[in-house]
Amino acid sequence: MSIAGGLPKAVERARAAGCDTLQIFTKSSGQWRARPLPDAEIAAFRQACVELNVRPVLAHASYLINLGSSQEALQTRSRAALGEELDRAEALGLLGVVLHPGSYTTTSEAEGLARIAEGIVAVLSDRTDQRTRLLLEHTAGQGTNLGHTFQQLGAIIDTAETRAIQPIGLCLDTCHLVAAGYDLGSDSSYADTMAQLDQHVGLDRVQAIHLNDSKTPLGSRVDRHAHIGSGHVGLGAFRRLLTDPRMHMLPMVLETPKEGSRATAAIEPDPMDLENLRMIRELMNGPTP
Ligand SMILES: [Zn+2]
């Protein structure tokens, strides 16, 4: 949800759309700079979450952050920015900060993975009392983006956790799973994908799920989100995930396209958000009478 007009507005937007959980950017996603959060806004945000019963809330980290970069300046900037994201999320009482692990650009997969783990350790070591969790997002694997195989995520987490104090969580994205080549299209392929996830990362690490359809097919490694039911994920895949008892307690959020015709400051729900939510709930509970 948009934070236009201040962070508490995002909670109001979530409630107006009938959501009981929420994901926000705590700052502009395409800028390094962040305005400081006034104490009054933090307090109003926390109060809105309680009063409107929208909990837990997730943050998505800025897309500019690349812990895998071999350029020292970008590496330093990325670590500082991730630290700031975690601090803001902690102040706001959020469950986790979702981070795309990073890309290796001009180096190699192995070097990228090592740099990402090192970056995570550096950031978390400065924040040993942190309650907001870092949640690595499984990615579609576009270009040199890492984190699209469960082995890569397992490698980052194993290396980082031997040196950082806090446990590191995982965020799944249905669009990214399919784009990265993990099939959810039948009961047996879904079971196989989850078994692989459990083997290489651990199912108990999954703390959040992004529900998105994919404009591009299985294994395309292209990250294009689509409305639920209109892409290559398939309604059966959503149903399997939504009715999997191992996923029942997890916050799930949509990152589907907005209709775009509304003013950004609007509180009224986006019609496509409502439609996507209706489909998701129907797949979860069966059609409402
Ligand atoms: Zn996502």
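The radius of gyration used here is taken over C-alpha atoms, and the globule rule is 2.2 Å times the number of residues to the power 0.38.

**Figure 1. The whole chain of this predicted model, seen as a globule.** For 289 residues, the rule gives a radius of gyration near 19 Å for a compact globule, and the chain, with 18 Å, agrees with it. Along the principal axes, the C-alpha atoms fill a box of roughly 55 × 50 × 30 Å. As you trace the chain, you will meet 9 helices and 11 strands. Of the 289 residues, 49% are buried.

**Figure 2. An open sheet built from 7 strands.** Follow the strands across the sheet in the order S1-S2-S3-S5-S7-S8-S11, where the pairing is parallel. Which strands stand at the edges? They are S1 (22-24) and S11, and each has a single partner strand, so one side of each is left without a neighbour in the sheet. On average, neighbouring strands of this sheet are turned by 30° against each other, direction ignored.

**Figure 3. Strands S1, S2 and S3, joined by bridges.** Let us begin with S1, which pairs in the parallel sense with strand S2 (residues 57-60) over 3 bridges. Here Ile24 has Ala59 of S2 as its bridge partner. Moving on, S2 and S3 run parallel and are joined by 3 bridges. Ala59 appears again in this pairing, standing opposite Val97 in S3. Now look at the side chains of strand S3 (residues 96-99). In a regular strand, side chains alternate between the two faces of the sheet. In S3, Gly96 and Val98 point one way while Val97 and Leu99 point the other way, and all are buried.

**Figure 4. Strand S8 and its partners S7 and S11.** S7 and S8 run parallel, with 4 bridges joining them. One pair to find is Leu172 with its bridge partner Ile209 in S8. S8 also runs parallel to S11, and 3 bridges join these two strands. In that pairing, His210 has Val253 of S11 as its bridge partner. How many of the 6 residues of strand S8 are buried? The count is 5, so strand S8 (residues 206-211) is largely enclosed by the rest of the structure.

**Figure 5. The zinc ion and its protein donors.** Four residues provide the donors: Glu137 (OE), Asp173 (OD), His210 (ND1) and Glu255 (OE), lying 2.1 to 2.2 Å from the zinc ion. His210 may look familiar, as it is the residue bridged to Val253 in the previous view. Along the chain, the donors follow the spacing E-x35-D-x36-H-x44-E. Asp173 lies in strand S7 (residues 169-173), whereas Glu255 lies in the loop between strand S11 (252-254) and helix H9 (271-285), so this pair ties together parts that are 82 residues apart in sequence. Both Asp173 and Glu255 are buried. What is the geometry of the site? With angles of 86 to 174° among the 4 donor atoms, the site is irregular.

**Figure 6. Cysteines without a disulfide.** A disulfide is a covalent bond between the sulfur atoms of two cysteines. How many does a search of the whole structure find? The search finds 0 disulfides. The sulfur of Cys19 has its closest cysteine sulfur in Cys49, 12 Å away, which is too far for a bond. Cys175 is in no disulfide either, as the nearest cysteine sulfur, that of Cys171, is 12 Å away. Cys19 counts as buried at 13% relative accessibility, and Cys175 is buried too, with a relative accessible area of 0%.

**Figure 7. Backbone details at Asn53, Pro56 and Thr105.** In the loop between helix H2 (39-51) and S2, you can find both Asn53 and Pro56. The peptide bond from Arg55 to Pro56 is cis, with omega near -5°. Asn53 has a phi near 55°, a positive value in a residue other than glycine. Thr105 also has a positive phi, near 45°, and sits in the loop between strand S4 (102-103) and helix H4 (109-125). Are these two residues buried or partly exposed? Asn53 counts as partly exposed at 45% relative accessibility, and Thr105 counts as partly exposed at 39%.

**Figure 8. Ala155 in helix H5 and its distance to Leu113.** Ala155 has its place in helix H5 (residues 150-161). At 32% relative accessibility, Ala155 counts as partly exposed. Ala155 and Leu113 are 42 residues apart along the chain, and their C-alpha atoms are separated by 7.4 Å.

Terms used
Residues are numbered from 1 along each chain as its sequence is written. This is a predicted model: local features need pLDDT of at least 70, side-chain atom pairs count only at pLDDT 80 or more; totals for chains, interfaces and linings use all residues. Side-chain values use heavy atoms; hydrogens and water are left out. Donors are N, O and S atoms within 2.8 Å of the metal (3.2 Å for Na, K and Ca); water is not among the atoms, so sites may look incomplete. Four donors count as tetrahedral if all angles lie between 85 and 135 degrees; four count as square planar and six as octahedral if opposite donors are over 155 degrees apart and all others between 65 and 115; anything else is irregular. Buried means under 20% relative accessible area, exposed over 50%, partly exposed in between (1.4 Å probe, protein chains only). A disulfide is a pair of cysteine sulfur atoms within 2.5 Å. Two strands pair if DSSP finds at least two bridges between them. Axes are lines fitted to C-alpha atoms, for helices over the stretch in contact, and angles run from 0 to 180 degrees between N-to-C directions.
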